[in-house]
Amino acid sequence: MEHLKINKKAFTMVLAVFSILTLSSFLIQQPWKAPATADSKKSAVASDASTIAAGKELYIKHCQSCHGKKGKGDGPSSKDLDIPAGDFTKASTQSQSDGALNWKITEGRKPMPSFKKKLNETQVWQVIAFMRTLK
Ligand code: HEC
């Protein structure tokens, strides 16, 4: 019986450590990476002035509140975010493929919303074309 008691204690401890690890992995957000398969998806729009203008309009409406006018992550809602919205002018964002950015915008990741239902495919490419001007 004594034997069983110790095992129970050990089990409880292992469970506690496991819970803490699981919890902290939720609290400390891992870097956001699009799956490698997303890279093969190519933009379906030409990156010309009218595309960029359309993308800018969509950006102002849907993205600027968090990401800021120039993509610096300093929009008016950014102070309420648990996780910084990042800085689109940096190479860490600009070096990602159009397909990877498309995947992230479509999927979202809390607190960033998914735009699957709000933007159609063409609109997502237009926003990306505008994002490319934020350097
Ligand atoms: C409610 C605030 C909010 C809105 C609105 C929002 N985002 Fe975000 N976005 C975030 C946050 C926060 C992150 C960082 C998420 C993370 O790292 O997990 C992010 C990350 C991103 C990233 C990844 C950047 C990188 O370097 O990997 C892209 C791309 C992006 N957003 C595009 C957009 C676009 C385009 C829109 C509008 C259509 C938009 N977001 C709207 C909050 C927002």
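Does His67 count as buried or exposed? Keep that in mind as you walk through this predicted model; the answer comes at the iron site.

**The whole chain**

Start with everything shown as a cartoon. You should find six helices and zero strands, in the order α-α-α-α-α-α along the sequence. Now zoom out and turn the chain around. Its C-alpha trace spans about 80 × 35 × 30 Å along the principal axes. The radius of gyration is 21 Å, whereas a compact globule of 135 residues would have one near 14 Å. If you color by accessibility, 27% of the 135 residues count as buried. Turn on contacts between residues at least 6 apart in sequence, and 59% of them join residues at least 24 apart.

**The iron site**

Next, select the iron atom of the ligand, together with His67 and Met112. The iron is coordinated by NE2 of His67 and SD of Met112, at 2.0 to 2.1 Å. Six donor atoms surround the iron, and because the angles they subtend run from 85 to 179 degrees, the arrangement is octahedral. For reference, ideal angles for six octahedral donors are 90 or 180 degrees.

Trace the backbone away from each of these two residues. His67 belongs to helix α3 (residues 64-67), while Met112 sits in the loop between α5 (98-107) and α6 (121-131), so the pair ties together parts that are 45 residues apart in sequence.

Here is the answer to the opening question: with 10% relative accessibility, under the 20% cut-off, His67 counts as buried. Met112, at 22%, counts as partly exposed.

**Around the ligand**

Now select the residues that surround the ligand. There are 24 of them, and the closest are Cys63, Cys66, His67, Thr93 and Met112. Three distances are worth displaying:

- From a nitrogen atom of the ligand to an N or O atom in the side chain of His67: 2.7 Å.
- From an oxygen atom of the ligand to an N or O atom in the side chain of Thr93: 2.6 Å.
- From an oxygen atom of the ligand to an N or O atom in the side chain of Lys104: 2.7 Å.

**Helix α5**

Lys104 leads you into α5, where it is one of the buried residues. Select the helix and you will see that it is mostly covered, with seven of its ten residues buried. Besides Lys104, the buried set includes Gly99, Ala100, Leu101, Asn102, Ile105 and Thr106. Show α4 (91-94) and α6 as well, since both are among the elements that cover these residues.

Stop at Thr106, which lies in α5. It counts as buried at 18% relative accessibility. A polar atom of the Thr106 side chain lies 2.6 Å from the backbone oxygen of Asn102. Leaving aside residues up to four places away in sequence, Thr106 touches Ser114, Phe115 and Lys116. Then step past the end of the helix to Gly108, which follows α5 and has a positive phi near 70 degrees.

**Helix α6**

Finish with α6, and begin at Asn120. This residue caps the N-terminal end of α6, with a side-chain oxygen 3.1 Å from the backbone nitrogen of Thr122. Like α5, α6 is mostly covered: eight of its eleven residues are buried. Select Val124, Trp125, Gln126, Val127, Ile128, Ala129, Phe130 and Met131 to see them. Their cover includes α2 (49-62), α4 and α5, so show those helices for your last view.

Methods:
Residues numbered from 1 in each chain as written. Heavy atoms only, no water. Donors = N, O, S within 2.8 Å, 3.2 Å for Na, K, Ca; no water. Tetrahedral: all angles 85-135°; square planar, octahedral: opposite > 155°, others 65-115°. Helix = DSSP H or I, 4+ residues; strand = E, 2+ residues; numbered from the N terminus. Buried < 20%, exposed > 50% of the residue type's maximum accessible area, 1.4 Å probe, protein only. Contact = heavy atoms within 4.5 Å. Polar contact = N/O pair within 3.5 Å; in protein donor to acceptor, adjacent residues only side chain to side chain. Near = heavy atom within 4 Å. Rg over C-alpha atoms; globule rule 2.2 N^0.38 Å.
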